[in-house]
Amino acid sequence: MPTVLLDRELSDKLRAERAQLGLDRYDEIWEGTYMMASMPNNEHQKIVSRLTRILEEVVGENQHGDVFPGVNVSDRYPDWKRNYRIPDVAVFLPGTAAVDRGSCWQGGPDFAIEILSPDDQSRQKLEFYASVKTGELLLIDREPWQLELYRLEGTRLQKVAVGIPGGDIVVSNTTGLQFELRRDDDADADDRPLLIVGDGKSGRTWTM
């Protein structure tokens, strides 16, 4: 349930406590509004970890790009803390238009991933990601399981592909990776589908 906290002193105290305890890692600020996020569950973190490792193997090796399991992305600098988002995974390729400011990236990643959680507002981030010129964004929805690939076209991120369990393969032009949801032959219909990631160039595949 959303909560609006109007007491400035209490708000500052809560934010300081979260920072001290390390609970603010995924908190964001949307045009001056503090967005407090709960800690992602284990499945969410496993997917982030494995996708980061895969992208590091495919993109990060040999200085072909920078891969981050969460990083500050803003549309401004130096006052970036007034407006920033933290994608679950972000990839910046050589020659990216984004600028590495050390504390944040000013400008969007060439490829980003957001994994949806209950009460998640990742879809509300699309306009921001488009405004900072994020090249591609992969949304992984888990209720129900679905892949959504968005690609920057003009000033908007347009949905260009959808993948459901047993459905189409979603292909990222930016990374060359292919994403697919597949049902295990021995699994029940309600079981979590397998997320298959393939590298079209090398032919390697990963299953999670």
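## What lines the second pocket

Let's start with a pocket. In this predicted model, the lining of the second largest pocket is made of 3 nonpolar, 7 polar and 5 charged residues. The space inside the second largest pocket comes to about 300 Å³. Its lining counts 15 residues, and the ones closest to the centre are Val58, Val59, His64, Thr175 and Lys201.

Which helix gives the most to this lining? That's helix α2 (residues 42-60), which puts in 3 residues. If you wonder how anyone finds a pocket, rolling a probe the size of a water molecule over the atoms shows where empty space is left.

## The protein as a whole

Now zoom out. The protein has 208 residues, and 41% of them are buried. Its secondary structure adds up to 3 helices and 16 strands.

The accessible surface is about 11800 Å², with 46% of that belonging to carbon and sulfur atoms. What about contacts across the sequence? Take the contacts between residues at least 6 apart in sequence: 47% of these join residues at least 24 apart.

## Strand β15 and its two partners

Strand β15 covers residues 194-199, and 5 of its 6 residues are buried, so the rest of the structure largely encloses it. Here "buried" stands for a relative accessible area under 20%.

Two strands pair with β15. On one hand there is β14 (residues 177-182), which pairs with β15 in the antiparallel sense over 6 bridges. To see this pairing in the model, look for Leu181, which stands opposite Leu195 in β15. On the other hand there is β16 (residues 205-207), also antiparallel to β15 and joined to it by 3 bridges. Here you can look for Ile196, whose bridge partner in β16 is Thr207.

β15 and β16 form a hairpin with 5 residues between the strands, and in this hairpin Gly203 takes a positive phi near 85 degrees. While you're looking at strands, keep a general pattern in mind: in a regular strand the side chains alternate between the two faces of the sheet.

## Two buried loop residues

Is a residue in a loop buried or exposed? Pro87 is a good one to try: is Pro87 buried or exposed? Pro87 is located in the loop between β5 (84-85) and β6 (89-92), and its relative accessible area is 0%, so Pro87 counts as buried. Not counting neighbours within four places in sequence, Pro87 is in contact with Gly70, Val71, Val73, Ala112, Ile113, Glu114 and Tyr129. Look at Ala112 in that list: Pro87 and Ala112 are 25 residues apart in sequence, yet their C-alpha atoms are 6.4 Å apart in space.

Lys125 sits in another loop, between β9 (111-115) and α3 (126-131). With a relative accessible area of 7%, Lys125 is buried, because that value is under the 20% cut-off. If you skip its neighbours within four places in sequence, Lys125 is in contact with Glu28, Trp30, Arg85, Ile86 and Glu114. You've met Glu114 already, as a contact of Pro87.

## An exposed loop residue

Finally, go to Asp168, in the loop between β12 (156-163) and β13 (170-171). Asp168 has a relative accessible area of 55%, and the cut-off for exposed is over 50%, so Asp168 is exposed. Leaving out residues up to four places away in sequence, Asp168 touches Val162, Gly163 and Phe179.

How far is Asp168 from Arg182, C-alpha to C-alpha? The distance is 9.8 Å in space, with the two residues 14 apart in sequence.

Definitions and conventions: Residues are numbered from 1 along each chain as its sequence is written. This is a predicted model: local features need pLDDT of at least 70, side-chain atom pairs count only at pLDDT 80 or more; totals for chains, interfaces and linings use all residues. Side-chain values use heavy atoms; hydrogens and water are left out. Helices (H or I, at least four residues) and strands (E, at least two) are DSSP runs, numbered from the N terminus. Buried means under 20% relative accessible area, exposed over 50%, partly exposed in between (1.4 Å probe, protein chains only). Contact means heavy atoms within 4.5 Å. Two strands pair if DSSP finds at least two bridges between them. Accessible areas come from the Shrake-Rupley method with a 1.4 Å probe; for residues, only the protein chains shown count as cover. On a 1 Å grid over the protein atoms alone, a cavity is a set of points where a 1.4 Å probe fits but cannot get out, and a pocket is an open set with protein on both sides within 12 Å along at least five of seven lines; lining residues have an atom within 4 Å of a point. Grid points are joined across faces, edges and corners, and a volume is the space filled by probe spheres set on the points. Ala, Val, Leu, Ile, Met, Phe, Trp, Tyr, Cys and Pro count as nonpolar, Asp, Glu, Lys and Arg as charged, and the others, Gly among them, as polar.
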